[in-house]
Amino acid sequence: MRALLVALLAALPQQQEQRIVFLGDSITDGHTLPLLVQQALKSPRCINAGVAGDTAAGMRKRLERDVLSRRPTLVVLSVEINDLFHKVTPEDYERDVTAIVERLKREGVPTILLTPTIVGPKHAEAEKKLEEYIAILRKIGGAVAEVHALMKEARAGLLEPDEVHLTFAGYRVMARAVLDALGHKKVEVPKELSLEPMPGILREWKIRPAGDAAWTTLALPQKEPVKHWWMDQERRRGFAVELGSAKRYQATAELVLTKSRGVFVNTGASIESVTLNGKLLWKSEGWTGWHAGKERIAARLGAGVNTFEIESGNSFFLSVTEDDDG
């Protein structure tokens, strides 16, 4: 099946950009896996469609919005852990994963199914049930990335203290499995990430806890590293992180243009609303993930000063780009 997948990708018209959409839960939503694969392969565009806390049923519901709208040439599907902890039956799991794969197949989009990541000793009883999900993935057929087997072989140092989420070493093993499934066994997994601020971030903000009178200046990317490796990854990419102890924050920034143009406003982290030039542009209606570009909102900027005002939790992301790949 892996040879067939490689052949399908090779058969894409040369002018068609390879666009790999990563569909999953928090392990995908954190963006480390797409970053590692992107850096290893250089050429394809790797697009995040992860939503922390999501199950197969949730991914099925948002397939049009978050995956097919991104014009994928390949989908990498990671879906097991939340189904496991929500005690989703094997029958329901099989129904939803099969529906996702069949829907993509009708659109001519191949899928790589990732076997689940491991969980730690305190979840040992639950982990036994993952074998049922793995058997279902093999039954559905197609290309399978052997994440579970590689992680079981390595085991040590792959999990955070919650014994569910991955360390950077864990993500490297996961990326190895994806590269192998793509037919790139000789391509090395990066030992560290080369990170730059994302295109279109607004670098100068005024910020305050909601309801406070005094504004302070916030420059992005923030200069000071933060303790946890993953949050520091996002800081380096232009997320505003660990803003303080308040539950909600208000922030404002300006963008000056010489002429009017259409743009996309891309949001991420715990941003709750965006107001542009005094008019509400977007307001959250529910959790749609952490990653940059979880919402891609078409807008029109005018010539001169354009003022953005946002409300968020203690982290946010906002960028302005000319296309919807922000």
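**Close-ups of a predicted model**

**View 1. The largest nonpolar core and its best-connected members.** In this predicted model, the largest nonpolar core has 37 residues, and W205, F308, F316 and L318 are the ones that touch the most other members. Several elements feed into this core: β6 (204-209), α11 (229-237), β8 (249-257), β9 (261-276), β11 (295-301) and β12 (304-321) each put in at least two residues. Elsewhere sits a second, separate core of 35 residues, with L74, M174, A175 and A181 among them.

**View 2. Zooming in on W205.** Which residues does W205 touch, once those up to four places away in sequence are set aside? The list starts with T216, T217, L218 and L220, carries on with A251, T252 and A253, and ends with I310, F316 and L318. Two of these names should ring a bell: F316 and L318 also appear, alongside W205 itself, among the core residues that touch the most other members.

**View 3. Helix α8 and its two sides.** Helix α8 runs over residues 124-140, and its end C-alpha atoms are 26 Å apart; at 1.5 Å a residue, 17 residues should span 24 Å, so the two values agree. Its buried residues are A126, E127, L130, Y133, I134, I136 and L137. They take up an arc of only 160° around the axis, which means they lie on the same side of α8. The general rule behind such a pattern is that an α-helix has 3.6 residues a turn, so residues three or four places apart point the same way. Look at the other side of α8 and you'll find E125, K128 and K139 exposed.

**View 4. What packs over α8, and what follows it.** What covers the buried residues of α8? The cover includes the helices α6 (81-85), α7 (90-106) and α9 (147-154), along with the strands β4 (111-114) and β5 (143-145). Just past the end of α8, have a look at G141, where phi is positive at about 90°.

**View 5. Stepping back to the whole chain.** The protein has 11 helices and 12 strands. Its radius of gyration is 20 Å, close to the 20 Å that the globule rule gives for 326 residues, so the protein is as compact as a globular protein of that length. The C-alpha trace spans about 55 × 45 × 35 Å along its principal axes. Buried residues come to 54% of the 326. Of the contacts with a separation of 6 or more, 75% are between residues 24 or more positions apart. As for the outside, the accessible surface is about 15300 Å², and carbon and sulfur atoms account for 53% of that.

Conventions: Residues are numbered from 1 along each chain as its sequence is written. This is a predicted model: local features need pLDDT of at least 70, side-chain atom pairs count only at pLDDT 80 or more; totals for chains, interfaces and linings use all residues. Side-chain values use heavy atoms; hydrogens and water are left out. Helices (H or I, at least four residues) and strands (E, at least two) are DSSP runs, numbered from the N terminus. The expected span of a helix is 1.5 Å times one less than its number of residues. Buried means under 20% relative accessible area, exposed over 50%, partly exposed in between (1.4 Å probe, protein chains only). The arc is that of the directions from the helix axis to the C-beta atoms. Contact means heavy atoms within 4.5 Å. A nonpolar core is a set of buried Ala, Val, Leu, Ile, Met, Phe, Trp, Tyr and Cys residues joined through side-chain atoms within 4.5 Å. The radius of gyration is taken over C-alpha atoms; the globule rule is 2.2 Å times the number of residues to the power 0.38. Accessible areas come from the Shrake-Rupley method with a 1.4 Å probe; for residues, only the protein chains shown count as cover.
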